[in-house]
Amino acid sequence: MSESIAAPQGGDEADKVEGHGASQSVGGLLGLALGSIGVVYGDIGTSPLYALREAVNAATGPDQVVATPLAVYGVLSLILWALIFIVTFKYVIVLLRADNNGEGGTLTLMALARKATGDNTAFVVMLGIVGAALFFGDALITPAISVLSAIEGLKDVESIGSQIEPYIVPITVAILVALFAVQARGTARVASFFGPITMVWFVAIAAAGVV
């Protein structure tokens, strides 16, 4: 009789533990998604801003004060299709399928190419070195351009525009030093801080786009 009573209690506890584990897994997944927004998609979401500005300036010419609608629509079309082809076709369809035992990246592609080419290992290794060099160059240049272009936006504020211009580069250097100092303690801290900020930013630009 006691065994028949104990069994349902154990089952209820197991269900509670299983439910708690499921809620923890969902919460962890949402946390990872929010962190990835701050680290990965934050760069993708902000990079088109200065790319759009510079492209529109180049399309309108130095003598044009106000951008024409034709230049804006043309540049937007180029950026849209570039993102579609690069992200969807290049990465999702091609590169994500080229994995080496579940691992990806430039060196993984080099290992796969070495297996496919056989004797042309020196040429493949050289391509891998060039690809790694391009990756490190992009990792160094992209944060500097992103932060610098963001701080340069302060020049458009009428009240402080002329006063802030001499301090743009020092402010940018200070922000970059602070960011890399925090990132040395772990990318998770950067993700937890910038994830909510980037989410608010995406909601803001989405609302502006809808309006």
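## Exercises on a predicted all-helix model

At 47% relative accessibility, Pro170 counts as partly exposed. The model behind this value is predicted. The exercises below start from this residue and then widen out.

**Exercise 1. Place Pro170 in the fold, and find how far it is from Leu148.**

Step 1. Find the element. Pro170 is found in helix α6, which covers residues 168-183.

Step 2. Classify the exposure. Partly exposed is the class between under 20% and over 50%. Pro170 has 47%, so it counts as partly exposed.

Step 3. Take the separation. Pro170 and Leu148 are 22 residues apart in sequence. In space, their C-alpha atoms are 9.9 Å apart.

**Exercise 2. Describe how α4 and α6 pack, and work out which orientation class applies.**

Step 1. Start with the axes. Those of α4 and α6 come within 9 Å and cross at roughly 135 degrees.

Step 2. Apply the cut-offs. Roughly antiparallel needs an angle over 145 degrees, and roughly perpendicular runs from 65 to 115. An angle of roughly 135 degrees fits neither class, so α4 and α6 are oblique to each other.

Step 3. Add the hand. The crossing of α4 with α6 is right-handed.

Step 4. List the residues. From α4 come Pro143, Ala144, Val147, Leu148, Ile151 and Glu152. From α6 come Ile168, Ile171, Thr172, Ile175, Leu176, Leu179 and Phe180.

Step 5. Sort them by class. The contact of α4 with α6 has 11 nonpolar, 1 polar and 1 charged residues.

**Exercise 3. Do the same for α3 and α4: give the geometry, the class and the residues.**

Step 1. Locate the helices. Helix α3 spans residues 106-117, and helix α4 spans residues 121-152.

Step 2. Read the geometry. The two pack at an angle of about 165 degrees, with axes 9 Å apart.

Step 3. Assign the class. The cut-off for roughly antiparallel is over 145 degrees. The angle of α3 and α4 is about 165 degrees, and therefore they are roughly antiparallel. Their crossing is right-handed.

Step 4. Name the partners. In α3 these are Thr106, Met110, Ala113, Arg114 and Thr117. They meet Thr121, Val124, Val125, Gly128, Gly131 and Ala132 in α4.

Step 5. Sort them. The contact of α3 with α4 has 5 nonpolar, 5 polar and 1 charged residues. Gly counts as polar in this scheme.

**Exercise 4. Zoom in on Thr106: which residues beyond its sequence neighbours does it contact?**

Step 1. Place it. Thr106 is in helix α3.

Step 2. Check the exposure. Thr106 has a relative accessible area of 35%, so it is partly exposed.

Step 3. List the contacts. Leaving aside neighbours within four places in sequence, Thr106 is in contact with Gly128, Gly131 and Ala132.

Step 4. Look further along the chain. Phe135 is 29 residues from Thr106, and their C-alpha atoms are separated by 8.4 Å.

**Exercise 5. Compare two more threonines: are Thr60 and Thr198 buried or exposed, and what surrounds each?**

Step 1. Take Thr60. It lies in helix α1, residues 2-60. With a relative accessible area of 18%, Thr60 is buried.

Step 2. Find its surroundings. Thr60 touches Ala67, Thr68 and Ala71, not counting residues up to four places away in sequence. A polar atom of the Thr60 side chain lies 3.2 Å from the backbone oxygen of Asn57.

Step 3. Take Thr198. It lies in helix α7, residues 187-210. Its relative accessibility is 9%, so Thr198 also counts as buried.

Step 4. Find its surroundings. Apart from neighbours within four places in sequence, Thr198 is in contact with Ile37, Gly38 and Gly42.

**Exercise 6. Assess Lys90: where does it sit, and what does it contact?**

Step 1. Lys90 is found in helix α2, residues 69-94.

Step 2. Its relative accessibility is 39%, so Lys90 counts as partly exposed.

Step 3. Lys90 is in contact with Phe85 and Leu95, leaving aside neighbours within four places in sequence.

**Exercise 7. Step back: how many helices and strands does the protein have, and what share of its residues is buried?**

Step 1. Count the elements. The protein has 7 helices and 0 strands.

Step 2. Check the burial. Of the 211 residues, 15% count as buried.

Step 3. Weigh the contacts. Take those between residues at least 6 apart in sequence. Of these, 49% join residues at least 24 apart.

How values were computed:
Residues numbered from 1 in each chain as written. Predicted model: local features only at pLDDT ≥ 70, side-chain atom pairs only at ≥ 80, totals over all residues. Heavy atoms only, no water. Helix = DSSP H or I, 4+ residues; strand = E, 2+ residues; numbered from the N terminus. Buried < 20%, exposed > 50% of the residue type's maximum accessible area, 1.4 Å probe, protein only. Polar contact = N/O pair within 3.5 Å; in protein donor to acceptor, adjacent residues only side chain to side chain. Contact = heavy atoms within 4.5 Å. Axes fitted to C-alpha atoms, helices over the stretch in contact; angles between N-to-C directions. Parallel < 35°, antiparallel > 145°, perpendicular 65-115°, else oblique. Left-handed = near helix turned anticlockwise from the far one by under 90°.
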